[in-house]
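Visitor: I should like to understand how the descriptive terms applied to a protein model are justified. Please take me through the reasoning behind each one.

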Amino acid sequence: VQDALLDTLRFWLERGVDGFRLDTVNYYFHSPTLKDNPPTAESLDGTIGDAGTYLYQQHLYDKTQPENLVFLSRLRTLLDAYGARAIVGEVGDEGRSLETVAAYTAGRERLHMCYTFDMLGPQFSAAHVARCIDAFETEIADGWLCWAFSNHDVVRHVTRWSRPGDAPDSVAKFAIALIACLRGSICLYQGEELGLEEAELRFEDLRDPYGIRFWPGFKGRDGARTPMVWEDGAANAGFSTGKPWLPVPANHLARAAEVEQNDPVSVLSRYRATLAYRRRETALRQGTIHRLEFDGNVLAFVRKEGKRRLLCTFNFGREAAILSLPGSLGALADAAFPGSVDLPSGPSFGLPPLSFLIATLE
């Protein structure tokens, strides 16, 4: 089976493919004796609902097996024979995802990078992101992480992270600034650059077997899988002249790419400006990260490459935060990052809800 898969990848490499994204990359081997997984405590006490069948088991023997490391080494050897190619793996491993990423990206022998589900859940707070950063810096010594906030398996993050009263555009713009400042690579999911929210679909429109089986306790993943909206006035939003596998939500049309690309304050315009800034800024692409401690729902860290330093502060809270920067950081020079609040005149400043200050340090 390994040889057959490698032959398939070789087929595409010969045709000029630049790389691969490997789905569920830690699921390729199971226990050779087909040993049963033990049940979880939640499945025994009945606290898992109809939507949590996967969580009935502790997945000890059906994934993340040592044989997988041997296969990934063979895979990397194949890729390296074709020059500049890249490979990213999706890791789903409850409670030990970063440990798995560390093993799968160590050195130059396996994957170039992995992304996990640590930021694909409902947690949206400074404390949660701080824990993810600290765990990454602790666990992954010489590996590399790829950050993702949305994908085809979870509710879109604008919907997942919006609280009552939050403007979806504000959540979307805050999120792209945050992910652009984290140490690691970025994986963007189609439609998030438009600020698309989760689609509400009728049962008869579903295609995801998981959602069909467990509706309405779990509505499946189709709400994040609707067609990309290109043109607001075209049939199927310009995605296809035929009938797409899922309907185009009416409320997505106002966010079509052709609408947002001409709006300088749209989510799409902010994404483009933010990614262009990151591309120019070596401290964000290659620099180290040092986290700072602040009270409340504020996340702060410094990115550094050589003598270049960037202070990154984010207020996740519903109230304005007052920050006092330690004198050891030095003076703030400018705040040219797209969407950043204005440069304060002193070491203390206010940060409104869902806002950020990203500034260079002298």
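Guide: Let us begin with Leu182, which has a relative accessible area of 1% and is therefore buried. Please note that the model is a predicted one.

Visitor: What makes Leu182 count as buried?

Guide: The term buried requires a relative accessible area under 20%. Leu182 has 1%, so the residue is buried. Leu182 is placed in the loop between H7 and strand S5 (185-186). Neighbours within four places in sequence aside, the contacts of Leu182 are Val129, Ile133, Trp147, Phe149, Arg278, Leu284, Phe301 and Arg303.

Visitor: How far apart in sequence and in space are Leu182 and Ala283?

Guide: They are 101 residues apart in sequence, and their C-alpha atoms are 10 Å apart in space.

Visitor: Why is Arg160 called buried?

Guide: Its relative accessibility is 16%, so Arg160 counts as buried, the limit being under 20%. Arg160 belongs to helix H6 (residues 157-161). Residues up to four places away in sequence not being counted, Arg160 touches Met119, Leu120, Gly121, Pro122, Phe149, Ser150, Val154 and Val155. From Arg160 to Leu201 the C-alpha distance is 16 Å, with their positions 41 residues apart in sequence.

Visitor: Why is Ile212 described as partly exposed?

Guide: Partly exposed lies between the two limits, under 20% for buried and over 50% for exposed. Ile212 has 38% relative accessibility and therefore counts as partly exposed. Ile212 is found in helix H8 (residues 209-214). Residues up to four places away in sequence again left out, Ile212 touches Phe203, Leu206 and Arg207. The C-alpha atoms of Ile212 and Arg270 are 36 Å apart, and these residues are 58 apart along the chain.

Visitor: What makes the backbone at Leu34 and at Leu354 worth remarking on?

Guide: Most residues other than glycine have a negative phi. Leu34 has a positive phi, near 55°, and Leu354 has a positive phi, near 50°. Leu34 lies in the loop between strand S1 (19-22) and helix H2 (41-45), whereas Leu354 lies in the loop between strand S11 (348-351) and strand S12 (355-361).

Visitor: Is each of these two leucines buried or exposed?

Guide: Leu34 has 61% relative accessibility and so counts as exposed, the threshold being over 50%. Leu354 has 14% and therefore counts as buried.

Visitor: How do you know that the peptide bond from Trp215 to Pro216 is cis?

Guide: Its omega is near 0°, and the bond is cis. Most peptide bonds are trans. Pro216 is in the loop between H8 and helix H9 (257-260).

Visitor: Which residues have the most contacts inside the largest nonpolar core?

Guide: They are Leu75, Leu299, Phe301, Phe314, Phe316 and Phe337, in a core of 61 residues. Helix H7 (residues 168-181) gives the most to this core, with 10 residues. A separate core has 17 residues, including Val298, Leu323, Leu325 and Leu357. In soluble globular proteins, nonpolar side chains tend to be buried together.

Visitor: Which residues are in contact with Phe314, its neighbours within four places in sequence left aside?

Guide: Among them are Phe174, Ala177, Leu178 and Cys181. Others include Val298, Leu299, Phe301 and Leu351.

Visitor: Why is the radius of gyration of the protein said to agree with that of a compact globule?

Guide: For 362 residues, a compact globule would have a value near 21 Å; the protein has 22 Å, which agrees. Along the principal axes, the C-alpha trace spans about 65 × 50 × 50 Å.

Visitor: What can be said of the protein as a whole, in secondary structure, burial and contacts?

Guide: The protein has 11 helices and 12 strands. Of its 362 residues, 46% are buried. Among contacts with a separation of 6 or more, 67% join residues 24 or more positions apart.

Visitor: What do the surface and the charges show?

Guide: About 17500 Å² is exposed, and carbon and sulfur atoms supply 54% of that area. The protein has 38 positive and 47 negative charges, and the mean positions of the two sets are 4 Å apart.

Note on methods: Residues are numbered from 1 along each chain as its sequence is written. This is a predicted model: local features need pLDDT of at least 70, side-chain atom pairs count only at pLDDT 80 or more; totals for chains, interfaces and linings use all residues. Side-chain values use heavy atoms; hydrogens and water are left out. Helices (H or I, at least four residues) and strands (E, at least two) are DSSP runs, numbered from the N terminus. The radius of gyration is taken over C-alpha atoms; the globule rule is 2.2 Å times the number of residues to the power 0.38. Buried means under 20% relative accessible area, exposed over 50%, partly exposed in between (1.4 Å probe, protein chains only). Contact means heavy atoms within 4.5 Å. Accessible areas come from the Shrake-Rupley method with a 1.4 Å probe; for residues, only the protein chains shown count as cover. Lys and Arg count as positive and Asp and Glu as negative; His and the chain ends are not counted. The place of a charge is taken as NZ of Lys, CZ of Arg, CG of Asp or CD of Glu. A nonpolar core is a set of buried Ala, Val, Leu, Ile, Met, Phe, Trp, Tyr and Cys residues joined through side-chain atoms within 4.5 Å.
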